Amino acid sequence: MIGRLNHIAIAVRDLAAATALYRDTLGATVSAPLPQPEHGVTVVFVELPNAKVELLEPLGEGSPVGKFLEKNPEGGMHHVCYEVDDILAARDRLKAQGARVLGTGEPRIGAHGKPVLFLHPKDFCGTLVELEQI
Ligand code: CO
């Protein structure tokens, strides 16, 4: 059911420092910072040949990434995003198998303008999973 890895998201305290690390130390192509107030983050996209890495810095009050950083002060992997062809079919299949879909269970428009859903980390090896319909 799941297709390609779309991105891995990493929560960071200092987006400028993380950008410099990926651009200068690791030699990757890195985008300009993109504030996404509706998601409570500022994002930098690291473009790799086969997937993206998204560096997430909290933006505003009540940011989900801010809460993550309270528990993980050094930052860390926040979620993985897999592509699916049909997000509603994927959701229904997962729910039928007992997986918990976060929020209302209805897809929201995610950071790339495509419908996304998040799955409970406790149901997926301790990792928050994002599904994105491509
Ligand atoms: Co994501």
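A residue counts as buried under 20% relative accessible area, as exposed over 50%, and as partly exposed in between. The exercises below apply this scale and a few other rules to a predicted model.

**Exercise 1. Classify D24 and R23, and state what their side chains form.**

Step 1. D24 has a relative accessible area of 51%, so D24 is exposed.

Step 2. R23 has a relative accessible area of 42%, and therefore R23 is partly exposed.

Step 3. The side chains of D24 and R23 form a salt bridge, with N and O 2.9 Å apart. This distance satisfies the rule, which asks for a side-chain nitrogen of Lys or Arg within 4 Å of a carboxyl oxygen of Asp or Glu.

**Exercise 2. Determine how R91, D92 and E106 are connected.**

Step 1. Consider R91 and D92. A salt bridge joins them, and their closest N and O atoms are 3.1 Å apart.

Step 2. Consider R91 and E106. Their side chains also meet in a salt bridge, at 3.1 Å from N to O. This pair links distant parts of the chain: R91 belongs to helix 3 (residues 87-96), whereas E106 lies in the loop between helix 3 and strand 7 (108-109), 15 residues apart.

Step 3. Combine the two contacts. R91, D92 and E106 are linked in a network of salt bridges.

Step 4. Classify the three residues by accessibility. R91 has a relative accessible area of 11%, so R91 is buried. D92, at 43%, counts as partly exposed, and E106, at 46%, is partly exposed as well.

Step 5. Place these contacts in the whole structure. The count of salt bridges comes to five.

**Exercise 3. Identify the residues that coordinate the cobalt ion, and locate the two histidines in the chain.**

Step 1. List the donors. The cobalt ion is coordinated by NE2 of H7, NE2 of H79 and OE of E130, at 2.0 to 2.1 Å.

Step 2. Describe their spacing. Along the chain, the donors follow the pattern H-x71-H-x50-E.

Step 3. Locate the histidines. H7 is in strand 1 (residues 5-11) and H79 is in strand 6 (residues 76-84); the pair is 72 residues apart and links distant parts of the chain.

Step 4. Assess their accessibility. Both H7 and H79 are buried.

**Exercise 4. Explain why C81 and C125 do not form a disulfide, and describe the setting of C125.**

Step 1. Begin with the whole structure. A search finds zero disulfides.

Step 2. Compare the distance with the cut-off. The cysteine sulfur nearest to that of C81 belongs to C125 and is 17 Å away. A disulfide requires two cysteine sulfur atoms within 2.5 Å, so C81 and C125 do not qualify.

Step 3. Classify both cysteines. C81 has 0% relative accessibility and therefore counts as buried. C125 has 82% relative accessibility and therefore counts as exposed.

Step 4. Describe the surroundings of C125 in the chain. C125 lies in the loop between strand 8 (115-119) and strand 9 (129-133).

Step 5. Note the backbone angle. C125 has a positive phi of about 60°, although C125 is not a glycine.

Technical notes:
Residues are numbered from 1 along each chain as its sequence is written. This is a predicted model: local features need pLDDT of at least 70, side-chain atom pairs count only at pLDDT 80 or more; totals for chains, interfaces and linings use all residues. Side-chain values use heavy atoms; hydrogens and water are left out. Buried means under 20% relative accessible area, exposed over 50%, partly exposed in between (1.4 Å probe, protein chains only). Donors are N, O and S atoms within 2.8 Å of the metal (3.2 Å for Na, K and Ca); water is not among the atoms, so sites may look incomplete. Helices (H or I, at least four residues) and strands (E, at least two) are DSSP runs, numbered from the N terminus.
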